[in-house]
Amino acid sequence: MSVLPLYYALLIGLALPLGLYMGRALDTHRPSVMDRLFGPLESFLMRLAGVDRRLSMTWSAYLLAVLRLHLLLIGLAWLVFMGQGVLPLNPDGIPGMRWDTALHTAVSFATNTNQQHYSGQTQLSYLSQTLAIVTLQFLTPATGLAVLLAITRTLLRRPAATNAGGGVGNYYVDLTRIVVRVLLPLSLIVALILVWQGVPATYQGAQRVTMLDGGALQVIPRGPVAPMVAIKQLGTNGGGWYGPNSTVPLENPTGLSNLIETIALLLIPVASLIAVGVISGRRRLMMGIGVVMIAFSLLTTTMIVVSERLPNAALVGLAVADSPNLEGKELRFGSDLSALWGSWTTQTSNGSVNAMHDSFNPLGGLGLLMDMFVNVTFGGIGVGLIGYLLYLMLAAFIGSLMIGRAPELFGKPLETREMRWISLAILAQPLIILGSTAITVAFPTLAGNSNPGFHGLSQVLYEYTSAFANNGSGFEGLGDATPWWNLTCVVALAVGRFLPMLVPLAVAGWLAGKRTAPQGRGSLAMESGAFVGLTAGVIVIVNLLGFLPALVLGPIAEQLTLP
């Protein structure tokens, strides 16, 4: 019997109380017991940083604060990666990174992507892993949720808490609250469970042991792995301490650790829906969005699981020809749990793996790509729901015209300026992904892919899709540690992170300055089942129109040519 219903039930059962807690803990308009519990620490951190926590920023100041902090973090991380060879906490003597790989790594982790063009255990020192990588793994998901809170206060709250001259909150206060009240406590709990299950947590160097068979010397990399794994899963960060990620027994040793790490993929994104419903008062709207996300999730997860239960075409004629596709998978987890992880990790901006996606059957790979194209099934922390709001804004524009009304959103007129930026944020995805893919496959020496033909195209398409969707997983088989891959992916990483996240904040700020039209019988009911269906249809149609030709030339053609 499949364990998938159990995983979904456990996910929802844990996300519900967490979402209610987050709704109270992160609401700056209502005092709560969490203020007395965490307030002294937060006040100390604010004074240390020189931040006036009473100051409420305008939407533009909030946006600039996000960009300034991330530029600073990218610069500092870049320097740490290049200089790690002469910096402390490097017991294994790992040299500094090449400049372009260091830049790609800094931008990747600063955009909550964690796309790795290096192998963590052999190319990063403990200082780089803990000071640079783990710091970014806390601050970048917290930023996504902070921007969502700002949009919630500006656009979604009933009644509206801000106006044209008012503020949307304080970015630094939001960031601190999210880290202190949500990410740190959850990461501590998960890290302790993982240590209990056998994941390393030490600053000692690699262990060198003599093999019983032949007396050869084996080097076993170690480090503070458990804390990094905890936040990389909970923060929809992805990546991994070890190159093969959570396929490595040291990073994912048992069935319980696999369960915990899998649930952690979606826990906070699902809880965020509940939290926004509590803060905004729009529970029915969040419930409708949740229904669409769950439906998309079930559809692609079922597709990927069924695909991986099918035999691998390369084994035709062998004794194991009728077994599930176990190529690139851990036998400890089998095809179902590997497919579930693959589906959930691409439904968020996580990208960590417990199996190699390049070895999935073509229809399984198609499902993974579709998850990242949509990128709002649950999406990253905060940014998944923000991305959904982009499609909701487009659906509101279309739906208003369909019922013969001037386009509006929550009673606010949607005009040329708003729709221009909404369209740009949505269309940037196919332009960047397909444009970069076309240029790269036109020059095979740039691609450096290991497979010709249809699967080779899928490898290149997957890498750029993963970068733009801030996912970070890969089909591998690419020689991606080159200046071409590093620099082109930097562009996709930055545009894919900041444009879809910050455009809705700007639109919310513009709309807040407009007069709200009174609701009437002809008003667009945004919490109705019809509008929920319209938004889901817009998401499907936009992504099919943009990416269906590339999918036909990639995984679909590969599937049709199998024996």
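Is Tyr126 buried or exposed? In this predicted model, Tyr126 has a relative accessibility of 4%, so it counts as buried. Its ring partner, Tyr203, is partly exposed instead, with a relative accessible area of 46%. The ring centres of Tyr126 and Tyr203 sit 6.1 Å apart and the planes meet at 75 degrees, so this is an edge-to-face pair. Tyr126 belongs to helix α6, while Tyr203 is in the loop between α7 and β1, so the pair ties together parts 77 residues apart in sequence.

That pair has company: searching the whole structure turns up 10 aromatic pairs. Another one of these joins Tyr7 and Trp344, with ring centres 6.5 Å apart and planes at 70 degrees, so it is edge-to-face. Here the link runs between distant parts of the chain, from Tyr7 in helix α1 to Trp344 in helix α11, 337 residues apart. Both rings belong to buried residues: Tyr7 has a relative accessible area of 6%, and Trp344 comes in at 0%. Ring pairs also bring in Tyr8, giving a cluster of Tyr7, Tyr8 and Trp344.

Now for the two helices themselves. The axes of α1 and α11 come within 11 Å and cross at roughly 40 degrees, which makes α1 oblique to α11. On the α1 side, Leu4, Tyr7, Tyr8 and Leu11 meet Asp336, Leu337, Leu340 and Trp344 of α11. Sorted by class, this contact has seven nonpolar residues, one charged and no polar.

Helix α16 is mostly covered too, with 13 of its 16 residues buried. Its end C-alpha atoms are 23 Å apart, which agrees with the 22 Å expected at 1.5 Å a residue. After α16 comes Asn470, with a positive phi near 55 degrees.

Note on methods. Residues numbered from 1 in each chain as written. Predicted model: local features only at pLDDT ≥ 70, side-chain atom pairs only at ≥ 80, totals over all residues. Heavy atoms only, no water. Axes fitted to C-alpha atoms, helices over the stretch in contact; angles between N-to-C directions. Helix = DSSP H or I, 4+ residues; strand = E, 2+ residues; numbered from the N terminus. Parallel < 35°, antiparallel > 145°, perpendicular 65-115°, else oblique. Contact = heavy atoms within 4.5 Å. Nonpolar A, V, L, I, M, F, W, Y, C, P; charged D, E, K, R; others polar. Expected span 1.5 Å × (residues − 1). Buried < 20%, exposed > 50% of the residue type's maximum accessible area, 1.4 Å probe, protein only. Phe/Tyr/Trp six-rings, centres within 6.5 Å; stacked < 30°, edge-to-face > 60°.
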